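New to this one? Here is a quick tour of its cysteines and its charged pairs.

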Amino acid sequence: MRKEVVLITGANGEMGHGLIKYLGQKKYINIIALDVQPLDDELKPFCTRFIQGDILDQMLLGRMVVEFEIRTIFHLASILSTKAEYNPETAHKVNVEGTLNLLRLAVEQSQWQGQPVKFIYPSSIAVYGLPNLLEKQRAGKVKEDQWCQPITMYGCNKLYCEHLGRYYAHYYRQLAADPERSSVDFRAIRFPGLISADTIPTGGTSDYGPEMLHHAAQGLPYQCFVREDTRIPFMAMPDAIKSLLMLHAAPKEALTQSVYNVTSFNPAASEIYEIVKSYFPDADITFKPHQSRQRIVDSWPVDIDDTAARNDWGWAPDFDQSRAFSEYLIPAIRQRYMANA
Ligand code: AKB
């Protein structure tokens with residue numbers, strides 16, 4: 001008998017840490033963690049199995065079909081926006097071909113199980129592309145069907161994979177004699193910048209938010225790579241994990257779309273600076289915009305409209321801007337760096 005499991009790709013990433021620590025507390029859930037990097041020791045107790053491997057390795061994925069009964073896939077593995085610009089073709093392979101491999105795995109699993117496999121996919125505000133700062137200000141809270149002209153390989157990848165997921169859920173093998181209907185229950189969330197107390201981001205363009213805070217907490221100088229007036233939506237990591245699990249649990253008949261915005265607060269970089277300085281008055285933070293990374297962030301919306309998620313599956317963040325810092329980030333980050341001091 002194959003064990004019923006939840007597969008989490010990108011397990012050692014920022015979202016992977018948050019999701020595994022939360023899901024892993026539920027003893028009835030068997031987590032198979034997959035990552036091309038080694039898994040942090042702190043995550044191992046929460047996982048039934050850790051597989052160090054590549055989502056591009058189709059032989060590896062094929063062996064997983066044989067061994068496990070995968071009911072849900074949280075496909076978190078991705079090369080983020082800044083890192084993807086240094087090797088766009090590699091990013092395309094990982095972000096798109098890797099996702100295609102996982103969708104194929106979901107189809108195979110659903111054929112074995114005779115029921116749809118849930119495929120939970122973190123997309124991003126990087127799918128949006130505002131042409132200039134005036135339009136960015138005028139656009140205000142952007143809805144899911146607005147301004148979807150990304151200017152990064154990562155944003156293109158995320159937007160295309162949203163469509164791939166919708167295809168696999170509704171049109172896959174549509175000309176076959178026996179098309180498998182709804183073999184993949186694909187559900188996606190477009191995340192804003194995420195700030196975690198437990199991990200530091202690598203390779204994103206919204207990283208200036210968490211980097212500023214983590215550097216200050218360690219007494220390290222930080223040179224912010226965007227202008228002070230830069231404004232995009234952000235969210236605390238616990239709310240990101242909450243939204244993934246809420247969407248996963250939502251009754252399918254409640255969902256009017258397959259891709260949802262979620263967000264919480266949208267500070268200017270100068271506001272993050274003021275908050276960080278209020279907790280770490282000696283923090284050495286300067287602003288030195290990086291022209292190319294600034295252009296990427298300027299193309300992202302000043303805010304996004306998450307009404308659809310609120311209406312369809314009751315989304316609402318636990319942490320607004322003030323609580324995110326006072327009740328989550330600052331206490332947890334102080335404890336993290338005090339413990340390591
Ligand atoms: C990035 O900066 O690339 C990510 C994102 C906004 O999706 N954090």
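## Charged pairs and cysteines

E162 is buried, with just 4% relative accessible area. Keep in mind that this is a predicted model. The side chain of E162 meets that of R190 in a salt bridge, at 2.7 Å from N to O. R190 is buried too, at 3% relative accessible area. The two sit in distant parts of the chain, 28 residues apart: R190 belongs to strand β7 (residues 184-191) and E162 to helix α6 (residues 153-170).

The structure has 20 salt bridges in total. Here are three of them:

| Pair | N to O distance |
|---|---|
| R190 and E162 | 2.7 Å |
| D303 and K141 | 3.3 Å |
| E135 and R138 | 3.9 Å |

D303 and K141 also link distant parts of the chain, with D303 in strand β13 (residues 303-304), K141 in strand β6 (residues 141-142), and their positions 162 residues apart. D303 is buried at 11% relative accessible area, while K141 is partly exposed at 47%.

E135 and R138 are another story: both lie in helix α5 (residues 133-139), 3 residues apart, or about one turn of the helix. E135 counts as partly exposed at 23% relative accessibility, and R138 as exposed at 61%.

Now for the cysteines. How many disulfides does a search of the whole structure find? The result is 0. Take C156, which is in no disulfide: its nearest cysteine sulfur, that of C161, is 11 Å away. Since a disulfide needs sulfur atoms within 2.5 Å, that gap rules one out. C156 is partly exposed at 36% relative accessibility, whereas C47 is buried at 13%.

How values were computed:
Residues are numbered from 1 along each chain as its sequence is written. This is a predicted model: local features need pLDDT of at least 70, side-chain atom pairs count only at pLDDT 80 or more; totals for chains, interfaces and linings use all residues. Side-chain values use heavy atoms; hydrogens and water are left out. Buried means under 20% relative accessible area, exposed over 50%, partly exposed in between (1.4 Å probe, protein chains only). A salt bridge is a side-chain nitrogen of Lys or Arg within 4 Å of a carboxyl oxygen of Asp or Glu. Helices (H or I, at least four residues) and strands (E, at least two) are DSSP runs, numbered from the N terminus.
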